[in-house]
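Colleague: I should like to learn how a pair of packed helices is read. May we look at one example together?

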Amino acid sequence: MSQCCRKIKDTVQKLASDHKDIHSSVSRVGKAIDRNFDSEICGVVSDAVWDSREKQQQILQMAIVEHLYQQGMLGVAEELCQESTLNVDLDFKQPFLELNRILEALHEQDLGPALEWAVSHRQRLLELNSSLEFKLHRLHFIRLLAGGPEKQLEALSYARHFQPFARLHQREIQVMMGSLVYLRLGLEKSPYCHLLDNSHWAEICETFTRDACSLLGLSVESPLSVSFASGCVALPVLMNIKAVIEQRQCTGVWSHKDELPIEIELGMKCWYHSVFACPILRQQTSDSNPPIKLICGHVISRDALNKLINGGKLKCPYCPMEQNPADGKRIIF
């Protein structure tokens, strides 16, 4: 009995010691949260910088709906529209509906809808230097090769679809034609086994999404996800700036909607517009003051161009070439 009691006592002491260690760690979590998370995130900027609360709510709801459509969650997006009384017209939905319909077919390894879409938009895809249609035909040809010798004649017949792409994709077409030699022996054990890699399906989904979004005027990534990721990078910096502004009582430092008080580096992935700064006025160009390329090749802002006009003529500030101001052309980086 005494031995049993001793074991129980040791076990209780061990449990108490373990609980003490766990309790000590858990008790520090609350302090760590208070130290690293600011409950007043909304106060980083003054309300005067933003639009009205109703306008903010409408913009946020629209961004969430667009994100849901882009992710293929059509039912959730429709439910949100109904509950928030957000009016989204069919013209806005249609590109997302078509995009998701084709992507669902590709995920099921059905190339039909994607090929039909690519053929109907062939000219515009060529203008984008897209290889989407060729990659779709190549994947269909590979599927025929995977069928074995029984599909050899069908594969040869289908190879006629490569004719329009022969100049740009000659090497890839040669590889596919060379694989026919090993068809009876089995491509799995041949030098062309890489053609059967399932990664081609993931690649075609990415290519279709990128090219289709470019063609339909949509962003490849959801604006909501991009904004969220950018906010995670920018928010700590803005909170530090807020603390400095409050400490030094610098009111009015941040009062413009389209401009931050300091520059925040988000990486090239988040570059979506021109960041050209006029070398004359030392100001960043904008839609109202775009960069203008002169005949001599030098680039200045439109405001600088207007200030340099003298007697209907313009003399380049970097070279002595005189020119007509009307010959300057707007450029987009």
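**Reading a helix pair**

Modeller: Let us begin with one residue: R143 counts as partly exposed because its relative accessibility is 42% (buried is under 20%, exposed over 50%, partly exposed in between, with a 1.4 Å probe and protein chains only). This is a predicted model, in which local features need pLDDT of at least 70, side-chain atom pairs count only at pLDDT 80 or more, and totals for chains, interfaces and linings use all residues. Residues are numbered from 1 along each chain as its sequence is written, and side-chain values use heavy atoms, with hydrogens and water left out.

Colleague: Where is R143 found, and with which residues is R143 in contact beyond its neighbours within four places in sequence?

Modeller: R143 belongs to helix α7 (helices are DSSP runs of H or I, at least four residues, numbered from the N terminus). Beyond those neighbours, R143 touches Q109, L111 and W201, where contact means heavy atoms within 4.5 Å.

Colleague: How does one describe two packed helices?

Modeller: Two packed helices are described by the angle and the distance between their axes. Here, the axes of α7 (residues 132–146) and α10 (residues 199–216) come within 10 Å and cross at roughly 155°; axes are lines fitted to C-alpha atoms over the stretch in contact, and angles run from 0 to 180 degrees between N-to-C directions. The two helices are therefore roughly antiparallel (over 145 degrees; under 35 is roughly parallel, 65 to 115 roughly perpendicular, the rest oblique).

Colleague: Which residues make the contact?

Modeller: Among them are L136, L139 and R143 of α7, and W201, I204 and F208 of α10.
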